[in-house]
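User: I have a model open and would like to understand the labels attached to it. Could you take me through the reasoning behind them?

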Amino acid sequence: MDSILITGGAGFIGSHLTRLFVTKYPKYKIVNLDALTYAGNLENLIDIEKLPNYTFVKGNITDLDLLRKLFDEYKFTGVLHCAAESHVDRSITDPLAFITTNVMGTATLLQVAKEFWKDNLNEKVFYHISTDEVYGSLGTTGFFTEKTSYDPRSPYSASKASSDHIVRAFYHTYKLPIKISNCSNNYGPYHFPEKLIPLCINNIINNKPLPIYGKGENVRDWLFVEDHARAIDVIFHNGKIGETYNIGGHNEWTNIALVKELCKQMDEKLGRSSGESEKLITYVTDRAGHDMRYAIDATKLKDELGWLPSLQFEEGISKTIDWYLSNTKWLNEITSGNYKNYYDEQYGI
Ligand code: NAD
Ligand code: DAU
């Protein structure tokens with residue numbers, strides 16, 4: 001039986017990935033290690049938490065002793081490393097938290113995998129889940145390929161770039177069997193409402209301002225989160241050791257066009273008159289060092305492993321809005337308590 005460690009499985013992408021692996025591979029033993037920071041939520045996994053091939057461990061990826069204990073106990077053959085501090089705005093106010101988890105946490109995991117994986121390296125995979133933000137910012141044309149030089153601009157992206165380099169160093173130096181993927185912006189159910197799409201859905205529901213940084217002209221390439229999880233599955237099982245794969249949706253939107261689309265769909269779903277939610281749009285001070293445009297060239301993944309996104313954006317965003325409208329309890333629980341302090345400090349509107 002394969003035994004797989006997923007880190008950060010209680011977060012947004014991690015919960016979709018954990019659900020996919022636990023349900024699709026009943027013969028794999030899946031251990032989800034998550035520190036349950038503000039972004040980790042076991043409610044995200046309530047439908048699978050009792051399945052016999054799933055175990056949750058609360059703990060931190062920087063905890064060397066805990067990692068050694070887990071590797072010893074579960075004899076992992078694979079690691080899907082998702083845990084991270086993930087929000088750019090928070091990295092601007094607290095960069096050290098990002099360096100601790102994303103850099104030191106990743107290095108600690110690699111160190112323990114190296115200690116325990118001495119034999120049968122061809123049966124092991126250390127998969128590091130990373131972001132397109134490591135490549136920096138594009139102008140109006142061009143795409144990030146796997147060969148694009150790293151040029152991170154925020155403490156978040158610099159910490160992820162740093163972790164990517166350390167993962168590659170363990171491959172080249174110690175022959176640790178690694179794989180890396182760099183994905184564009186995800187959206188979908190269980191997305192924490194500090195990120196643009198769920199923040200706006202929540203604020204439209206509650207008739208609160210929709211904060212748009214700068215002029216709203218920055219561009220992101222959006223991918224439905226289940227398509228990201230499928231891509232990770234394909235790469236984990238069929239990708240080449242030592243390789244990097246870009247994952248993206250070929251689905252670029254300026255922030256303002258995206259938020260207007262959300263407003264349009266939500267007016268229809270909430271029975272509001274056309275144009276009502278758009279009135280909530282509020283331009284606010286731009287994010288410091290705000291990257292202008294991200295766009296992924298995912299040709300390698302398509303040509304080598306046959307992966308393509310399954311959902312068109314309009315369908316994906318409609319499904320996502322429906323999920324939030326049917327899960328107001330999840331949303332309300334998350335946006336009570338500390339969330340309110342974060343929101344007030346970040347926006348003050
Ligand atoms: P998230 O913030 O929703 O979840 C992160 C999870 O990691 C949470 O469950 C949290 O509790 C856990 N965690 C944080 N620090 C930890 C620590 N020190 N030890 C153990 N667990 C810890 O993040 P996400 O958006 O799901 O992103 C997951 C991964 O995917 C990250 O590595 C991120 O860089 C990458 N990524 C995200 C996106 C995106 O659009 N969200 C796109 C590309 C790549
Ligand atoms: O590209 C992948 C990355 O996508 C991931 O690595 C990150 O973990 C993830 O958070 C995401 O980063 P972004 O900074 O692109 O996502 P965010 O949802 O924070 O912002 C999307 C765009 O919307 C960005 O241009 C900033 C803008 N924005 C965001 C917020 C929260 C606003 O205009 N207003 C807001 O209130």
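Analyst: Happy to; we will go through some salt bridges, burial labels and ligand contacts in this predicted model.

User: Why is the pair Asp47 and Arg19 called a salt bridge?

Analyst: Their side chains come to 2.8 Å, N to O, and the cut-off is within 4 Å, so the pair qualifies. Asp47 sits in the loop between β2 (29–34) and β3 (54–58) and Arg19 in helix α1, so the bridge ties together parts 28 residues apart in sequence.

User: What makes Arg19 buried or exposed?

Analyst: Arg19 has a relative accessible area of 16%; buried means under 20%, so Arg19 is buried. Its partner Asp47, at 48%, is partly exposed.

User: Which parts does the salt bridge between Asp233 and Lys24 tie together?

Analyst: That salt bridge, at 2.6 Å from N to O, links helix α7 (residues 225–238) with helix α1, so it ties together parts 209 residues apart in sequence. Asp233 is buried at 4%, whereas Lys24 is partly exposed at 47%.

User: Why does Lys329 count as exposed?

Analyst: Lys329 has 57% relative accessibility, and exposed means over 50%, so the label fits. Lys329 forms a salt bridge with Glu333, the closest N and O atoms being 3.5 Å apart; both lie in helix α11 (residues 328–334), about one turn apart.

User: How do you know that Tyr156 makes a polar contact with ligand 1?

Analyst: A polar side-chain atom of Tyr156 lies 2.6 Å from an oxygen atom of the ligand; the limit is within 3.5 Å, so this counts as a polar contact. The protein covers 97% of the 830 Å² of accessible area that ligand 1 has on its own.

Technical notes:
Residues numbered from 1 in each chain as written. Chains lettered and ligands numbered in written order. Predicted model: local features only at pLDDT ≥ 70, side-chain atom pairs only at ≥ 80, totals over all residues. Heavy atoms only, no water. Polar contact = N/O pair within 3.5 Å; in protein donor to acceptor, adjacent residues only side chain to side chain. Areas by Shrake-Rupley, 256 points an atom, 1.4 Å probe, with all protein chains shown as cover. Helix = DSSP H or I, 4+ residues; strand = E, 2+ residues; numbered from the N terminus. Buried < 20%, exposed > 50% of the residue type's maximum accessible area, 1.4 Å probe, protein only.
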